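Trainee: I am new to this structure and would like a close look at a single part, the strands that pair with one another. Please take me through them in one connected account.

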Amino acid sequence: MGELFRHELTVSEPEVLALLGEQTGMRFGYGSTDPGFAYRLSRAGDGQLTVSQVRVDGTMSLWGDTEVFTVAHVQGVRYDWQIREETGSAAGGSSVLFRPEQPSLVVAQDVDVTLAHLPVQLVQATADTVYGVETPVEFTSATPLSARLGEYWWGLVRYGAGVLDSEAFREPLVRAELTRHLAVGLLECFPLLGDREERYLTMEAQRHRYRIAVQFFDDHVCDAITVEDAARAARTTTKALVHAFRANHPSELTPAQYLRRTRLDAAHRDLEDGDPTRGDTVKKIAARWGFTHPGRFAQYYRQIYGTAPSHTLDR
């Protein structure tokens, strides 16, 4: 993930907004003849995900296209949009998707807008993993698939805006999880080109493989198993199992990482129960759970538990 940034500013000259838009891949021109025009921006991001909250006082227009997928959720007096031949109004608390290379025009008046900006490469990689098929992402409409999914998207955006305003947004894991939620939400809430039923069947198949493999790892953590054994148990290939884990595990762990974490948890329990006076050592316990390199084991352990394994054993 890129370097974290935050912007907080108020603009009264619409020409300045083009420079602000370029920072998030928005290639728009802006104009207003309203003497009461003001544009207030609060934005945070890290190069993978940017979330912006905008308040527009007065009337303004914007036109152009975008390099990224940008979804605007709008509440206020007026937000009329045209994207190629498709037109609509989002002022009543609805969302509109701006897509790369799609010429767009918007006329806005006295609105609050929350925007999520997601790079094309990120959305494509998420689609490849979640659906297990490497077909180009192409949305067929600027509006959500249904009112229910529109509400679901707005719930994700509200959550994202809340994280943006908190200190937690500084944490890379928090931003990574938020990015994943919004990327998957975008793919599921807006209409994609292709067979939706086929995508759901693919997703369900991945969930099924994931659940079987997780159960296999948990049941056989004491045994000399490999990722390939789990793939055989799930009746799939190692590559497909990696896709299934990245699509379904909350932290997008691979099967190998999950197996290592499961064995690390078991080693942690043995360290807590261990007694150096009985001859228990970190090296012996680590080896018992398949960690042959003490230094690497200590590194993994410290990343998860925040202390050295020797400290746990000696307590």
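Mentor: Phe69 stands opposite Leu118 in E8. This is one pairing in a predicted model, and it belongs to a longer ladder: strand E5, residues 69-83, runs antiparallel to E8, and 14 bridges join the two.

E5 has further partners. Strand E7, residues 92-98, is joined to E5 by six bridges, and these two strands also run antiparallel. Within that pairing, Gln75 has Gly92 in E7 as its bridge partner. Strand E6, residues 86-89, is antiparallel to E5 as well, with four bridges between them. Here Asp80 stands opposite Ser89 in E6. E5 and E6 form a hairpin that leaves two residues between the strands. Arg84 sits in that turn and has a positive phi of about 55°.

Now go back to E8 and follow the pairing in another direction. E8 covers residues 104-118 and pairs with E4 in the antiparallel sense over 13 bridges. In this ladder Trp63 stands opposite Leu105 in E8. E8 therefore has ladders with both E5 and E4, since two strands count as paired if DSSP finds at least two bridges between them.

E4 spans residues 50-66 and leads on to other strands. Strand E3, residues 38-45, runs antiparallel to E4 and is joined to it by eight bridges. Leu41 stands opposite Val54 in E4. E3 and E4 make a hairpin with four residues between the strands, where Gly47 takes a positive phi near 95°. Strand E2, residues 26-31, is also joined to E4, by six bridges, and again the two run antiparallel. Arg27 has Asp65 in E4 as its bridge partner.

As background for reading these ladders, side chains in a regular strand alternate between the two faces of the sheet.

After the strands, one helix pair deserves a look. Helix H2, residues 120-131, packs against helix H7, residues 238-248, at an angle of about 115°, with the axes 7 Å apart. That angle makes H2 roughly perpendicular to H7. The contact is made by Asp128, Thr129 and Val130 of H2 together with His243, Arg246 and Ala247 of H7. H2 passes H7 in a left-handed crossing.

Notes. Residues numbered from 1 in each chain as written. Predicted model: local features only at pLDDT ≥ 70, side-chain atom pairs only at ≥ 80, totals over all residues. Heavy atoms only, no water. Axes fitted to C-alpha atoms, helices over the stretch in contact; angles between N-to-C directions. Parallel < 35°, antiparallel > 145°, perpendicular 65-115°, else oblique. Left-handed = near helix turned anticlockwise from the far one by under 90°. Contact = heavy atoms within 4.5 Å.
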